[in-house]
Amino acid sequence: MPRLTATQRHVVRFRLNGRSVEGTAEPRMQLADFLRHELGATGTHVGCEHGVCGACTVTVDGMLARSCLTLAVQVDGCDVRTVEGLAPEQGRLSILQAAFRRHHGLQCGFCTPGILMSLDRYLRSNPSPTEGQLRELLSGHLCRCTGYTPIIRAAMEAAAMLASATQQEDHAHV
Amino acid sequence: MKPAAFDYVRADTFDEALATLAAEGGDARVIAGGQSLMAMLNMRLARPKVLVDIMRIGDLDRISEERGRIVVGAGVRQAKLLAWSELAAKLPLVALALPWTGHEQTRSRGTICGSVAHADPSAETPLCLIALDGEVHLRSARRQRVVAAKDYITGMMSTARQDDEMIEAVSFPIRAGSGYGFREVARRHGDFAIAACAAIAGANGIRLAVAGVADKPEARDWPDLDGSALDDALNAFAYELDARDDIHATARYRRDLVRQIGREVIMEARRCRA
């Protein structure tokens, strides 16, 4: 049973977007701060620090998580994914990101990393969402610029594109 | 804000967690999903010296049926119970209420037992546990005991848990043949309820339980009242809850919600009664 003392920094290792990473953290350090300050992964944004705004949303072992309501030491050994992992390669956006760009799904962009993570995770298990389902999902995020309408538009289009891409892949296998 | 400093203990077994609680007493807090506790740590409303993480203890995330009750272990996340294929058949009220607990992004981490341990007066899980005559299974290095939900929650975020105890599980009785209704009013879906009402219509009458108004969920049992008799009962209940004004709503508005959505959920429960 490991006991990590309050005043020391302890080694934390996990997989970040498929790569092994390592840093040190006091037990009280939030995952959001660990990502940004220890690993330099500043794509994840820190807003309210009490789980309300959703800007810091990431996935831990495939499940959505507020990285401000998660300690760095809690995810030791886990699989963590952040907005930096969404693009398939340097200079190319994911289908969802590209739809956000086309539909102006962001203005200041502060809330966007968290919203993209929620939608990316959700669309993987719910490929044909209704607008109502997406609005309920987005109730876990605050955006003060867009009024949400362009975000919904982008997400609906991305869902349709992803669904037809999957269908084509299925045909290719037949 | 950032939490004040604490030691972090990653318990591998139940006994390790209980030994730490026995040694540290009131200076220790258990963390499971952390969706309520982390916010309190960040705001420094809670300043434990030791945090005991129980999520690596094996076998803690079990949902099982035992002697007519559904037993939900301390590690069961809200998302897991919500996705459980038998939830609507075994615990229809929980199936109605759980989608209102937080958001998709917090239900994926937050646990059922953690919500009961936190005992927020507006939370849905403690409301369901009280409405259904649920029980809280407590364990310490000294003993195990089972406390009725209505005795477990003693006030706003106050419970009957001793410093060396932790919640091992909560259990909900399966009540076949009853009808259920649930409704809640909040500023935004997933925010804290201004008022939440759960109704159960059984063979011998109706029960209405209300959260978000008094300092803990409260329930009342009535015979199958109707018309003005039901209005009178709802009105009396609304006043007994001793609603207060706050930034979200006035006491009068809360009493109105108890009367209005209280009646709606009772009607809904009657329609669903087998």
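Which residues are buried in α11(B)? I'll take that helix first, then the core, then the contact between the chains. One caution before I start: this is a predicted model.

The helix α11(B) covers residues 251–272 of chain B. It has 22 residues and reaches 31 Å from its first C-alpha to its last, which is close to the 32 Å expected at 1.5 Å a residue. Now the answer. The buried residues in α11(B) are Arg254(B), Arg255(B), Leu257(B), Val258(B), Ile261(B), Gly262(B), Val265(B), Ile266(B), Glu268(B) and Ala269(B). On the spacing in that list, recall that an α-helix has 3.6 residues a turn, so residues three or four places apart point the same way.

What do these buried residues pack against? The elements are β11 (179–186), β12, β13 (205–211) and α10 (227–240), and they belong to chain B.

Take one residue from the helix, Val265(B). Why is Val265(B) counted as buried? Because 26 C-beta neighbours lie inside 10 Å of Val265(B), and the cut-off for buried is 20 or more. Setting aside neighbours within four places in sequence, its contacts are Gly181(B), Phe182(B), Arg183(B), Cys197(B), Ala198(B) and Ala199(B). Ile200(B) is 65 residues away from Val265(B) in sequence, yet their C-alpha atoms are 8.5 Å apart.

That brings me to the core. The largest nonpolar core holds 128 residues, and those touching the most other members are Val52(B), Leu93(B), Ala198(B) and Ala199(B). Strand β12 of chain B, residues 193–202, gives this core its largest share, eight residues. Ala199(B) has contacts back to the helix: again leaving out neighbours within four places, its partners include Val265(B), Ile266(B), Glu268(B) and Ala269(B). Tyr180(B), Gly181(B), Ile206(B), Arg207(B) and Leu208(B) are also among its contacts.

Last, the two chains. How many residues does the contact take from chain A and from chain B? It takes 29 from chain A and 29 from chain B. On the chain A side, β1 (3–4), β5 (63–66) and α4 (131–138) each give two or more residues. The largest share of that side, four residues, comes from β5(A). By type, the chain A side divides into 12 nonpolar, 11 polar and six charged residues.

There is also strand pairing across the chains. β1(A) pairs with β1(B), residues 7–10, in the antiparallel sense over two bridges. Within that, Arg3(A) has Val9(B) as its bridge partner.

That's the set; I'll take questions.

How values were computed: Residues numbered from 1 in each chain as written. Chains lettered and ligands numbered in written order. Predicted model: local features only at pLDDT ≥ 70, side-chain atom pairs only at ≥ 80, totals over all residues. Buried ≥ 20, exposed ≤ 12 C-beta atoms within 10 Å, placed from the backbone. Contact = placed C-beta atoms within 7 Å. Core = buried A, V, L, I, M, F, W, Y, C linked by C-beta atoms within 7 Å. Nonpolar A, V, L, I, M, F, W, Y, C, P; charged D, E, K, R; others polar. Pairing = 2+ DSSP bridges. Expected span 1.5 Å × (residues − 1).
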